[in-house]
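These are my notebook entries on a single model. I recorded what I looked up, item by item.

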Amino acid sequence: MSSLSFDAQTAFLGTKYAFGKWSLAFDFSYTRLVTQPTYKQTYQELLPALTLQRFIPINNTMLFAVGNQVDYHFTDESSTFGPTFGTPTGVNNRFDDIVSLSFTWQLAPNLIVQPAYRFMYSNYRYVNSNVQNASGRNDYLNYVGISMAYYFNKNFSLRTFFNFNDKSTDDPNTSEYHEYNGGAGASLNLAF
């Protein structure tokens, strides 16, 4: 299992501009994965993303949000796999287009419920690690979820969620899956 032990290091920068009921955001992140305990880099990724969102208020307690995010993953796996194993650098390079729809409803002064749907289209430059097949592959991910949060005050809240993910692909050698997730958590914010 030690081959599965790694650390992730991420740096990110972002900016957002709001105009009326619209929001435009640009984010940029850099992530690298390093092994344990040698800290040899196994993966790195540059990820610029552009997001446009539209907020549609229904009343003082209900709000729809519709958004679209486009991003591109510039990846490098050469430090681990390299030419020895025939895996090209950038095998995980991909374009994502993510469309989202959420509904936020404040049921009580401190209780918020939020159902959401998200569709993600991913286009990979290569099919798996086959650099000769540069036709790429297309993945489709549907997400349906709901979360509920109770805010006791501005510093303490409880949250629970449940979601379902369904991934399909046009590559017969890539796995498809159905996934159910659920959980609960607490958040405590302290200022000194």
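I began with the term that the accessibility entries need: a residue counts as buried under 20% relative accessible area, as exposed over 50%, and as partly exposed in between. I also noted that the model is predicted.

**Entry 1: an aromatic pair across two strands**

I applied the cut-off to Phe103 and found a relative accessibility of 17%, so Phe103 counts as buried. For Phe64 the value is 31%, and Phe64 therefore counts as partly exposed. I then turned to the ring pairs and noted that the structure holds 10 of them. One of them is the stacked pair of Tyr17 and Phe19, with 5.4 Å centre to centre and 25° between the planes. I looked up the exposure of both residues: Tyr17 is exposed at 53%, while Phe19 is partly exposed at 33%. Next I took the pair of Phe64 and Phe103, which is tilted, with centres 4.8 Å apart and planes at 45°. Because Phe64 belongs to strand 4 and Phe103 to strand 5, this pair ties together parts that lie 39 residues apart in sequence. I followed the ring pairs further and found that Phe64, Phe103 and Trp105 are linked into a cluster.

**Entry 2: the sheet**

I asked in what order the strands of the open sheet run. The order is 1-2-3-4-5-6-7-8-9, and the pairing of these 9 strands is antiparallel. I identified the edges as strand 1 (6-19) and strand 9 (177-188), each of which pairs on one side only. Between neighbouring strands of this sheet I noted an average turn of 15°, direction ignored.

I then examined the middle strands. Strand 3 and strand 4 (residues 62-76) pair in the antiparallel sense over 13 bridges, and a hairpin of 2 residues joins them. Within this pairing I located Glu45 opposite Thr75 of strand 4. Strand 4 also runs antiparallel to strand 5 (residues 94-108), to which 12 bridges join it. Here I found Ala65 opposite Ser102 in strand 5.

**Entry 3: Asp96**

I placed Asp96 in strand 5, where it is the bridge partner of Asp71. Is Asp96 buried or exposed? Its relative accessible area is 3%, so I entered Asp96 as buried. I next looked for a polar partner of the Asp96 side chain and found the side chain of His73, at 2.6 Å. Leaving out residues up to four places away in sequence, I listed the contacts of Asp96 as Gln69, Val70, Asp71, His73, Met120, Tyr121 and Ser122.

**Entry 4: Thr31**

I placed Thr31 in strand 2 (residues 22-35). With a relative accessible area of 16%, Thr31 is buried. Which residues does Thr31 contact, apart from its neighbours within four places in sequence? I found Gln9, Thr10, Tyr43, Gln44 and Glu45. With one of these, Thr10, the side chain of Thr31 forms a side-chain polar contact of 3.2 Å. I also checked Thr31 against Ala11: the two are 20 residues apart in sequence, and their C-alpha atoms are 6.6 Å apart in space. Glu45, listed among the contacts of Thr31, is the residue that I had already placed opposite Thr75.

**Entry 5: Gln41**

I located Gln41 in strand 3 (residues 41-59). Its relative accessible area is 16%, so I recorded Gln41 as buried. I asked which side chain joins that of Gln41 in a polar contact of 2.8 Å. The partner is Arg32.

**Entry 6: charges over rings**

Finally, I looked up arginine residues placed over aromatic rings. The charged end of Arg118 sits over the ring of Tyr143, at 4.5 Å from the ring centre. I recorded a further case in Arg137, which lies over the face of Tyr124, with 3.8 Å to the ring centre.

Terms used:
Residues numbered from 1 in each chain as written. Predicted model: local features only at pLDDT ≥ 70, side-chain atom pairs only at ≥ 80, totals over all residues. Heavy atoms only, no water. Helix = DSSP H or I, 4+ residues; strand = E, 2+ residues; numbered from the N terminus. Buried < 20%, exposed > 50% of the residue type's maximum accessible area, 1.4 Å probe, protein only. Polar contact = N/O pair within 3.5 Å; in protein donor to acceptor, adjacent residues only side chain to side chain. Pairing = 2+ DSSP bridges. Contact = heavy atoms within 4.5 Å. Axes fitted to C-alpha atoms, helices over the stretch in contact; angles between N-to-C directions. Phe/Tyr/Trp six-rings, centres within 6.5 Å; stacked < 30°, edge-to-face > 60°. Lys NZ or Arg CZ within 6 Å of the ring centre and 35° of its normal.
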